[in-house]
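Good morning, everyone, and thank you for making time for this short talk. Please have a look at the structure on the screen, and then I will take you through it piece by piece.

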Amino acid sequence: HYARRRCGQGRLGSDRIGIDMKPAPLPTKEYLNLCFRYEPWSGNLFWRRRPSEHFAGEGHRPEWAAKGWNVRYAGSRALSSVMAKGYLSGSLNGRHVLAHRVIWKMVHGSEPDLIDHKNRDKSDNRIGNLRPADKRLNGRNTGLYRTNTSGVSGVSGRAGGFQAAIRDSTGKRKTKWFRTLPEAAAWRSDMERQCGFPTVEIAA
């Protein structure tokens, strides 16, 4: 049963849901739309007033539990805690859930293994910024590593110049040395197109 008392924002622990690990199934699309109101233009979720049926089996009158919960949470932002990896998340019925996965199911009714943020902003949950992905697409659509010093993905300073590197669809690593950063960046950009890397998009 989906209904439990612990269905507020709650205190979250560590980021136990890894990006390569498929989370446990969410409640139905209908149930989620009873719990949340979604603003597609902002990507934000808000708690709705929840019915007493969501609080059955609490050991006391469900109407009282629903009233107390609604006074405290109804109308407030939901699933807005920022995880270490940048995703928004929160607690639903005592379970840690990811906001972008909840939103996708609310809108489309499905649960892809992975959902990618097109513009690489993991807190931007506008529906136009989300798309189903596989591990290859999700891994390619990443920003700069903290150790990157060139400012260009896949390009690093090397031997008085710059080395550009990329892995193709077979996983084979290709590298090329250039004297200047613009040359290395141009090669990397051209190879990304050839290898089918996703284009960074800004959702409308």
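**An aromatic cluster, some salt bridges and two sets of strands**

Let me begin with a single residue: Trp47 is buried, with a relative accessible area of 2%. Before going further I should say that what you see is a predicted model, so please keep that in mind throughout.

To place that residue in its setting, the protein has 204 residues, of which 40% count as buried, and its secondary structure comes to five helices and eleven strands. The accessible surface is about 11700 Å², and 52% of that surface belongs to carbon and sulfur atoms. If we take the contacts between residues with a separation of 6 or more, 53% of them are made by residues 24 or more positions apart.

Now to the aromatic rings. A pair of aromatic rings is described by the distance of the centres and the angle of the planes. How many aromatic pairs does a search of the whole structure find? The search finds four. In one of them, the ring centres of Trp47 and Trp69 are 5.1 Å apart and the planes stand at 85 degrees, so this pair is edge-to-face, the term used for angles over 60 degrees. Trp47 belongs to strand β2, residues 44-47, while Trp69 belongs to helix α2, residues 62-73, and so the pair ties together parts that are 22 residues apart in sequence. Trp69, like its partner, is buried, with a relative accessibility of 4%.

Trp69 also pairs with Phe55, and here the arrangement is tilted, with 6.3 Å from centre to centre and 50 degrees between the planes. Phe55 sits in the loop between β2 and α2, whereas Trp69 is in helix α2, and the pair links these distant parts of the chain, 14 residues apart. Is Phe55 buried or exposed? Phe55 is buried, and its relative accessible area is 1%. If we step back from the individual pairs, Phe36, Trp47, Phe55, Trp69 and Tyr73 form one aromatic cluster. A charged residue joins the picture as well, since Arg50 lies over the face of Trp69, at 5.2 Å from the ring centre.

Let me turn from rings to charges. Side chains of opposite charge can pair when their charged atoms come close. A search of the whole structure finds five salt bridges, and I will describe three of them one after another.

In one of these salt bridges, Arg37 is joined to Glu39, with the closest N and O atoms 3.4 Å apart. The two partners differ in their surroundings, in that Arg37 is partly exposed at a relative accessible area of 34%, while Glu39 counts as buried at 14%.

Another salt bridge brings together the side chains of Asp116 and Arg131, at 3.0 Å from N to O. Asp116 is in strand β7, residues 114-117, and Arg131 is in strand β8, residues 130-133, so that distant parts of the chain, 15 residues apart, are linked by this pair. Asp116 is buried, at 2% relative accessibility, and Arg131 is buried too, with a relative accessible area of 15%.

A further salt bridge runs between Asp124 and Arg126, whose closest N and O atoms are 2.7 Å apart. Asp124 counts as buried at 10% relative accessibility, and Arg126 counts as buried at 18%.

Finally, the strands. Strands of a sheet pair through backbone hydrogen bonds, either parallel or antiparallel. What pairing joins β7 and β8? The pairing is antiparallel, over four bridges, and within it His117 has Leu130 in β8 as its bridge partner. In a regular strand the side chains alternate between the two faces of the sheet. In β7 both faces are covered, with Leu114 and Asp116 buried on one side and Ile115 and His117 buried on the other.

Elsewhere there is an open sheet of three strands, in the order β4-β5-β6, with antiparallel pairing. Its edge strands are β4, residues 81-82, and β6, residues 95-98, each of which pairs on one side only. Strand β5, residues 88-92, is joined to β6 by four bridges, and the two run antiparallel. Within this part of the sheet, Ser89 stands opposite Leu98 in β6.

Terms used
Residues are numbered from 1 along each chain as its sequence is written. This is a predicted model: local features need pLDDT of at least 70, side-chain atom pairs count only at pLDDT 80 or more; totals for chains, interfaces and linings use all residues. Side-chain values use heavy atoms; hydrogens and water are left out. Rings of Phe, Tyr and Trp (its six-membered ring) pair if their centres lie within 6.5 Å; planes under 30 degrees apart count as stacked, over 60 as edge-to-face and the rest as tilted. Buried means under 20% relative accessible area, exposed over 50%, partly exposed in between (1.4 Å probe, protein chains only). A charge sits over a ring if NZ of Lys or CZ of Arg is within 6 Å of the ring centre and within 35 degrees of the ring normal. Contact means heavy atoms within 4.5 Å. Accessible areas come from the Shrake-Rupley method with a 1.4 Å probe; for residues, only the protein chains shown count as cover. A salt bridge is a side-chain nitrogen of Lys or Arg within 4 Å of a carboxyl oxygen of Asp or Glu. Two strands pair if DSSP finds at least two bridges between them.
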